[in-house]
Amino acid sequence: MLAFDILIISIVFGIATFFTGRYAKEVASILSGVLLILIAAFSILRFSSYTGGFVSSYSITISSSIGLYFSVGVSGLTDALLILTGIVMLVSILITGREYGSAFFGLEMLVEVGLIGLLISRDFLFFYIFWELVLVPVYFMIGPYGRDNKDSISLKFFVYTHIGSVFILLSIFTLYSYSFTYLGSYTFEIGPLMSIVHLLPPFELGFVLFGFLFGFLVKMPSFPIHSWLPDSYYSAPYPATVILAGAISMMGGYGLFGILMEAYTAIPLWVLYFLIALGIISIIYFALTAMFQRNIKKMMAFASASAMGFVTLSFAASIIESTGSEYSVKLIEASGGMFQIVAHGLIMALVFSALYYISRNARTDSVYGLGGIYREAPMLASFSLIGFLASLGLPGFAGFIGEFSIVVGVFQAISWYIFFVIFGMIITASYHIWTAQRSLYGPYNENLGFIRDVRAGEFLILIFLVLVIFLLGIYPNLIFPNLVNYTSNVFKVVS
């Protein structure tokens, strides 16, 4: 019931923000902060003794004849992602300038409504509605407020990601059409529908798996269905880029672990190895592509996609592992992938927030346009360096926990192919360090003139993100046990 209340409150808050005029930033910041506090309180109340399954389940009957219910529930995974959503959205709102107007803050709040709704929905139809709801405000953020071909890029983002969503919808209706045959009644409930996936005829099974995988991998994104990524990240205003990297990519990861994993016994072995190949290729290809970027924003867009390649890898490898003596390895792999989603979202929020302040104060976000800005803005340069170090997976930060858990876990599934993953990690470290050295340190570019350092409010935003990333890096048990319990419950229930 508490999860349902949080959703209703977020809907009211989101609509109200559009009518707050020149006080939109203050109102949106307070409302988003209240939502984060409510989510944190819900987590403490409901997940202090979590052992698996869904908690705070609640259902409203819409139409029993067609099996439509508005059902909600929160698992260990969705609890962690709800907290991530609250943090990312609050940061996005706080770094947004007043010049964007109340409409932009209203769009940000609508994104938060969509994210909360899809994370807690246990009915496929409402899950899809909230999934699509997220696309609309992001489209209007890029279009009117973006830069460089913003109209065509916003349309490309919407059409590209919407096509993936259509395949998800077709997969949902395919499952729904077989629900009466295998369950005795029609239903859109996620749990029952995913439990019959392995019973489908071969063609329908292949179509359902393809539809879900295509839709989820587009959102992450994964190679080779990623062409919307660089343009959208680059053209979007920085607050929207924070949402794209920290929240939109999270949707794809949640789709794999929160939806498709419930039907893991139905996924053929060759599909899993194909996903492993996609994960490895994504890690290496995006890292190499990022290395040749001369705009830091585009570089970090590819770095974000490379980091999400670990999520695809961990998902597939954890399912391949047997349920016998390697059961604990399976839990580590899957939980590490879920942890990586959270870590990636927080780290990208820090990187793009710091880069936003650099771009605003120095009037450029080009590697060669900057240079030695530590002399004029030491705090801003230091926060940017911390973001780069966290992004490359340095021990002590949250990104290291996710990547280390995945690398250790997947070794038994992919054997010596792990060296390709390590190669990608080396490339990732190299371009992060080179960019930091070239843009933040060394001789100062006198053409930049005076660069203002971060103000007190901006410092608080950045230090908050740093502390959260560092805290999860040295004490991952804040969320890791809940992810393990969720994974254990899924595997045991389905097995």
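## An exposed arginine in a loop

Let's start at Arg363, which is exposed, its relative accessible area being 59%. That figure counts as exposed because the cut-off is over 50%. Arg363 sits in the loop that links α13 (327–362) with α14 (378–391). Its backbone is worth a look too: phi is positive, at about 65°, although Arg363 is not a glycine. Please keep in mind throughout that this is a predicted model.

## Two cis peptide bonds

Another loop, the one between α8 (202–219) and α9 (228–235), contains Pro221. The peptide bond running from Met220 to Pro221 is cis, and its omega is near -10°.

Pro224 is also found in the loop between α8 and α9. Here the cis peptide bond is the one joining Phe223 and Pro224, with omega at about 5°. If you are checking backbone torsions, these two bonds are easy to look up in the model: Met220 to Pro221 and Phe223 to Pro224.

## The β1–β2 hairpin

Strand β1 (residues 55–63) and β2 run antiparallel and are joined by six bridges. Which residue of β2 is the bridge partner of Ile60? The partner is Phe70. Four residues lie between the strands of this hairpin, where Gly67 adopts a positive phi near 70°.

Is strand β2 largely enclosed or largely open? Strand β2 (residues 68–74) has six of its seven residues buried, so the rest of the structure largely encloses it. As background, side chains in a regular strand alternate between the two faces of the sheet.

## Around helices α2 and α3

Helix α2 (residues 24–47) packs against helix α3 (residues 76–94) at an angle of about 160°, and their axes are 9 Å apart. The two helices are therefore roughly antiparallel, since angles over 145 degrees fall in that class. The crossing in which α2 passes α3 is left-handed.

Helix α3 itself has 19 residues and spans 28 Å from first C-alpha to last, close to the 27 Å expected at 1.5 Å a residue. It is mostly covered, with 17 of the 19 residues of α3 buried. Val88 is located in this helix, α3, and is buried at a relative accessible area of 1%. Along the chain, Val88 and Ala349 are 261 residues apart, yet their C-alpha atoms are separated by 6.3 Å.

## From Ser49 to Tyr486

The loop between α2 and β1 holds Ser49. Is Ser49 buried or exposed? Ser49 is exposed, its relative accessible area being 60%. From the C-alpha atom of Ser49 to that of Thr78 the separation is 16 Å, and their positions lie 29 residues apart along the chain as a sequence separation.

Tyr486, by contrast, is buried, with a relative accessibility of 2%; the cut-off for that label is under 20%. Tyr486 belongs to helix α18 (residues 480–494). Its C-alpha atom is 8.7 Å from that of Tyr50, although the two residues are 436 apart along the chain.

## Helices α5 and α10

Helix α5 (residues 124–145) and helix α10 (residues 238–259) cross at roughly 160°, and their axes come within 11 Å. That angle makes α5 roughly antiparallel to α10. As α5 passes α10, the crossing is left-handed.

## A covered helix with a cap

Helix α12 (residues 296–320) is built from 25 residues. What distance does α12 reach from its first C-alpha to its last? The answer is 37 Å, close to the 36 Å expected at 1.5 Å a residue. Helix α12 is mostly covered, and 24 of its 25 residues are buried.

At the N-terminal end of α12, Asn295 acts as the cap. A side-chain oxygen of Asn295 lies 2.9 Å from the backbone nitrogen of Lys297.

Key:
Residues numbered from 1 in each chain as written. Predicted model: local features only at pLDDT ≥ 70, side-chain atom pairs only at ≥ 80, totals over all residues. Heavy atoms only, no water. Expected span 1.5 Å × (residues − 1). Buried < 20%, exposed > 50% of the residue type's maximum accessible area, 1.4 Å probe, protein only. Polar contact = N/O pair within 3.5 Å; in protein donor to acceptor, adjacent residues only side chain to side chain. Pairing = 2+ DSSP bridges. Axes fitted to C-alpha atoms, helices over the stretch in contact; angles between N-to-C directions. Parallel < 35°, antiparallel > 145°, perpendicular 65-115°, else oblique. Left-handed = near helix turned anticlockwise from the far one by under 90°.
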